[in-house]
Amino acid sequence: MACSICVGLTGLFLAAESGATEVPSRVFRPQTAVDDHSPSVIVNPSNPESGVDPRGVLQIDDGSAESLFGFTGPGTRQFLFFNRFDSPGPFVLEAIQVLFPTGSDVESGDAIELVVYTDPDGDPANGAELRLSFDAVVQATDGVTFSNYALAEPLDLFEDDDIVLGVINRYFETGTDPELSQPAAVDTTNPESSSYFALWAGDAETPPELATAVEISLLDGIVAGNFLIRGSGRAAPIIAVPTLDSAGLILMLLLLAGAGMRLVARRAES
C-alpha cells in the first residue's frame, strides 16, 4: 500500500493516502531529556555463593530513553515490541526489565504481557519459538526507572539460540481507547538493529505466536534505535562428564570381561 510521509515537530508519521483503508500510523517522537542517564534499577544477577560465573544482563540499550514508539490512528491496536539478543550460551533467565516512557498513554498499573522466545536462525521476522508468557502490570512510567519482573521460576535456555524478550500493551482496548498507544521507550544512541515490533490482525493473539503475526518489522525501518527491554540471569552450570585415564579404562574392561565370564558360566551350569 502506498504511503505518504510527513515530518513534523512531534516526530515521524507514516499515514495512509486519502481514500485508502485506515491503518495505524507509526509514531516516533523525541522523549524529554533527563540529566541522569543511568537506570534507577540496578540489576545484579550474580550469586557469589553459586560458584557459577554469571553472564550478567542481556542488554542492548545504554539506560536512557531519548524517544518513544507506538501507533496512532483508527487502526491502533495491541502490538508486541521486542529485542533480540545474541545467544549467550547456556543461560538461566531469572527476570525481565522494561523501561516505560513518560508522557505517553501508559500508566502505572496498566496490564501488559511479557514474552520470551528462542530463535535458532537469528531472524525473528520468520518466526521464533515461544518459551514463556505471563501477565504483569506496569510498575513505573517516569522514563528513568526500569520495571523489574522476576520470573515465577527460572527459565533454562540451554540451546545455542538467540533470546527474544518482548512486551505487549494489553491495557489498550482496540476500538474503545483513544487512538493512541505509545508504550515503548527507545534508546537512539547506539542502534543495534535488534529491536522489532509485531502486529496481528486485531489484538495480539493468546498465546502470541510470531508465526501468526501479519507483520514483523525491524524498528530501524521507522527509526534507528533500541527498545529498553533487558533480561537478567546467570550462566547455566556446565556439568563435567568424568573421564577415565588408560589405567581406569583397562580396569573397567577387565571388570566387564569378568562379569561376562561369570554370566557364561552360570548359563552353562543351568
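Two rings of Phe, Tyr or Trp are taken as a pair if their centres lie within 6.5 Å. In this predicted model, ring pairs of that kind link F69, F71, F79, F81, F197 and F227 into a cluster.

**Aromatic pairs and cores**

The structure holds 9 aromatic pairs, one of them formed by F69 and F71, which meet edge-to-face at 5.5 Å centre to centre with 75 degrees between the planes. F69 and F71 are both buried. F81 and F227 likewise form an edge-to-face pair, at 5.3 Å centre to centre and with 65 degrees between the planes; this pair links distant parts of the chain, since F81 belongs to strand β6 (residues 80-85) and F227 to strand β15 (residues 226-227), 146 residues apart. Both F81 and F227 are buried.

The largest nonpolar core has 37 residues, of which F69, L93, I96, I112, L114 and L165 touch the most other members. Leaving aside residues up to four places away in sequence, L165 touches a set of residues that includes L58, F81, L93, I96, I229 and R230. Another core, of 15 residues, lies apart from the largest one and has L80, A128, I168 and A213 among its members.

**An open sheet**

Four strands form an open antiparallel sheet in the order β4-β16-β7-β10. Strands β4 (57-58) and β10 (146-157) stand at the edges with a single partner strand each, so one side of each is left without a neighbour in the sheet. The antiparallel pairing of β7 (residues 91-99) with β10 runs over 8 bridges, and Q97 has N148 as its bridge partner in β10.

**Salt bridges**

The model contains 6 salt bridges, and the table lists some of them.

| Pair | Closest N to O distance |
|---|---|
| R230 and D61 | 2.7 Å |
| E113 and R170 | 2.7 Å |
| R131 and E159 | 3.3 Å |

The bridge between R230 and D61 links strand β16 (residues 229-235) to the loop between β4 and β5 (67-72), the two residues being 169 residues apart. R230 has a relative accessible area of 8% and is therefore buried, and D61, at 6%, is buried as well.

E113 and R170 form a salt bridge and are both buried. E113 lies in strand β8 (residues 111-119) and R170 in the loop between β11 (162-168) and β12 (180-187), so the pair ties together parts that are 57 residues apart in sequence.

R131, by contrast, counts as partly exposed at 23% relative accessibility, and E159 counts as partly exposed at 35%. Finally, R84, D86 and D162 are joined into one network by salt bridges that share partners.

Methods: Residues are numbered from 1 along each chain as its sequence is written. This is a predicted model: local features need pLDDT of at least 70, side-chain atom pairs count only at pLDDT 80 or more; totals for chains, interfaces and linings use all residues. Side-chain values use heavy atoms; hydrogens and water are left out. Rings of Phe, Tyr and Trp (its six-membered ring) pair if their centres lie within 6.5 Å; planes under 30 degrees apart count as stacked, over 60 as edge-to-face and the rest as tilted. Buried means under 20% relative accessible area, exposed over 50%, partly exposed in between (1.4 Å probe, protein chains only). A nonpolar core is a set of buried Ala, Val, Leu, Ile, Met, Phe, Trp, Tyr and Cys residues joined through side-chain atoms within 4.5 Å. Contact means heavy atoms within 4.5 Å. Two strands pair if DSSP finds at least two bridges between them. A salt bridge is a side-chain nitrogen of Lys or Arg within 4 Å of a carboxyl oxygen of Asp or Glu.
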